[in-house]
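Me: I'm new to this one, so I'd like to go through it slowly. Could you show it to me and then let me ask how each label is earned?

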Amino acid sequence: MPGAFHDLAAEKLSVAALRELQSRELSALLETVVASNKFYKAKLKAAGIKPGNAAQTPLEKLPFTTKLDLVEDHGRHPPFGTNLTHALAEYTRCHQTSGSTGSPLRWLDTNASWEWMLKSWSCIYHAAGVKPADRICFAFSFGPFLGFWSAFEAGARYGALCLPAGGMTTVARLRFILDNGITVVCCTPTYALRLADTAAEEKINIRLSPVKRLIVAGEPGGSVPETRARIEEAWGARCIDHYGMTEIGPAAFECEKKKGRLHIIESGYIAECLKRSKSEPVEPGEAGELVLTSLGRSASPLIRYRTGDLVKMSRVPHCECGRSFAALEGGILGRIDDMLIVRGVNIYPSAIEQIVRRVPGIVEYRVEVSTQREMTELKLQIEPSAQEPNPQALQRQLSSEIEHVLGLRIPVELAAPGSLPRFEMKAKRWIRQG
Ligand SMILES: [Zn+2]
């Protein structure tokens, strides 16, 4: 029964009760790590925090953890690094980060820390309206990335029938979805669109399939209204975004009442939104870097982890859904390093995604970033669908949409059908030249 597995009470806590819970759990976490976790023992010591005072130290006095800290630690202590609270023999699972921002990191979990993550996943299924009678297809190649395994196992614990769809072509996956009467598909937003495009090519009407929900993650697109609308239109189903990372776990899910708003699972995480490379919070309404502390994954925790993800975070004491969890409006806006200032205009990757997805007939795109005469410049390549009768019209339409929305002229080039890379995992559409 999902009722037993999913902790609904934690989602109904008031802001005050959440703060109290977080403070208690942070204190317990610090007490645990300072006793036996080499990585955090050294970090706290370097920050001048005495072991006896660690548990009482307020969050804002704790040092940050960066990806670079972890990479260096793994380099010095291969293969697993020293962010381990228990003896190695107690760990039962090893996953790996995607390595999209450097070398992949191996991340270990004990049965207890794994269980904690599955419970966080149950918040996502609950918000998505998944029921035990649902059949969930996981349209991924099951590699060492944590998301597949945690989503799959949490789905099974939640009571749904879970079907892995690794090692298949896109056409085979479509048949698998139809043949098994799948009602929920987990994939990236890009892959949801690719499945839909392939269905159209194969003359399969997926709107007639029993799929009612697509739970997406891994890219900014899931909370971009235009991308979501395209997915929902193509599938005749609801699209629900969520957010997580191998090293942090599943941390946020889309509100069922307010589309495009991701709620941080604040009963399990502490979230901060800070200025880029700084320790102070952003002004209200400004975008900043999401910094997360995982409270229940004490076997391999992260304290004040600089995720590198750009968000606009707000406190919504009483969202329409009844939760008081912090809200990320518009979801993940992109990577903080991808936020650009082009001729004085702030541009997030999600803004470009939003405009491109507004123009029907574009199946894939790529953004080239270059520096010319010390100015950042962008160039867009778009790939029209093979059936598109007038690609030049799309090109003109997109140029004028960009100029209208951003007040900038950005060159738009046409790419031949099938020439731009397709992505099953995190899409890499932003390319730096020079
Ligand atoms: Zn809500």
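Me: Which residues coordinate the zinc ion?

Reply: This is a predicted model, so everything here is computed from it. The donors to the zinc ion are Cys255 (SG), His263 (NE2), Cys319 (SG) and Cys321 (SG), at 2.1 to 2.3 Å. A donor has to be an N, O or S atom within 2.8 Å of the metal, so these four atoms qualify. Along the sequence, the donor residues follow the spacing C-x7-H-x55-C-x1-C.

Me: What makes the arrangement around the zinc ion tetrahedral?

Reply: The angles do. The four donor atoms subtend 104 to 115 degrees at the zinc ion. The label requires all angles to lie between 85 and 135 degrees, so the arrangement counts as tetrahedral. For reference, the ideal angle for four tetrahedral donors is 109.5 degrees.

Me: Are cysteine 319 and cysteine 321 buried or exposed?

Reply: Both cysteine 319 and cysteine 321 are buried.

Me: Now the salt bridges. How many are there?

Reply: The count comes to 29 salt bridges.

Me: Why is the contact of glutamate 266 with arginine 19 called a salt bridge?

Reply: The closest N and O atoms of glutamate 266 and arginine 19 are 3.6 Å apart. The cut-off is 4 Å between a side-chain nitrogen of Lys or Arg and a carboxyl oxygen of Asp or Glu, so this pair passes. Glutamate 266 lies in the loop between β9 (261-264) and β10 (269-274), and arginine 19 is in helix α2 (residues 15-36), so the salt bridge ties together parts that are 247 residues apart in sequence.

Me: What makes glutamate 266 buried, and what makes arginine 19 partly exposed?

Reply: Buried means under 20% relative accessible area, and glutamate 266 has 1%, so the label fits. Arginine 19 has 29%, which falls between 20% and 50%, so arginine 19 is partly exposed.

Me: How do you know that lysine 43 and aspartate 69 form a salt bridge?

Reply: Their closest N and O atoms are 3.1 Å apart, and the limit is 4 Å. Lysine 43 belongs to helix α3 (residues 38-46) and aspartate 69 to helix α4 (residues 67-76), so the pair ties together parts 26 residues apart in sequence. Lysine 43, with a relative accessible area of 16%, is under the 20% line and therefore buried. Aspartate 69 has 21%, so aspartate 69 counts as partly exposed.

Me: Which distance goes with the salt bridge of glutamate 254 and arginine 228?

Reply: The side chains of glutamate 254 and arginine 228 meet at 3.0 Å, N to O. Glutamate 254 sits in strand β8 and arginine 228 in helix α9, so this pair also ties together parts 26 residues apart in sequence. Glutamate 254 has 2% relative accessibility and arginine 228 has 6%. Both values are under 20%, so both residues are buried.

Me: Which residues are linked in a network of salt bridges?

Reply: Glu353, Arg357, Glu364 and Arg429 are.

Me: Let's turn to empty space. What makes a space a cavity and not a pocket?

Reply: A 1.4 Å probe fits in a cavity but cannot get out, whereas a pocket is open. The count here is two cavities of 30 Å³ or more. The largest cavity holds about 290 Å³ of space, and 24 residues line it, with Trp121, Phe145, Gly147, Ala217 and His242 closest to its centre. Helix α6 gives the most to that lining, five residues. By class, the lining has 15 nonpolar, eight polar and one charged residues.

Me: What lines the second largest cavity?

Reply: His74, Phe80, Asn83, Leu84, Arg106, Trp107, Leu108 and Ser300 do. The space is about 40 Å³, and strand β2 (residues 106-110) gives the most to the lining, with three residues.

Me: And what about the second largest pocket: which residues lie nearest its centre?

Reply: Leu193, Ala196, Asp197, Thr198 and Val363, out of 29 lining residues. About 610 Å³ of space lies in this pocket. Helix α8 supplies the largest share of the lining, nine residues. By class, the lining has 13 nonpolar, seven polar and nine charged residues.

Note on methods:
Residues are numbered from 1 along each chain as its sequence is written. This is a predicted model: local features need pLDDT of at least 70, side-chain atom pairs count only at pLDDT 80 or more; totals for chains, interfaces and linings use all residues. Side-chain values use heavy atoms; hydrogens and water are left out. On a 1 Å grid over the protein atoms alone, a cavity is a set of points where a 1.4 Å probe fits but cannot get out, and a pocket is an open set with protein on both sides within 12 Å along at least five of seven lines; lining residues have an atom within 4 Å of a point. Grid points are joined across faces, edges and corners, and a volume is the space filled by probe spheres set on the points. Helices (H or I, at least four residues) and strands (E, at least two) are DSSP runs, numbered from the N terminus. Ala, Val, Leu, Ile, Met, Phe, Trp, Tyr, Cys and Pro count as nonpolar, Asp, Glu, Lys and Arg as charged, and the others, Gly among them, as polar. Donors are N, O and S atoms within 2.8 Å of the metal (3.2 Å for Na, K and Ca); water is not among the atoms, so sites may look incomplete. Four donors count as tetrahedral if all angles lie between 85 and 135 degrees; four count as square planar and six as octahedral if opposite donors are over 155 degrees apart and all others between 65 and 115; anything else is irregular. Buried means under 20% relative accessible area, exposed over 50%, partly exposed in between (1.4 Å probe, protein chains only).
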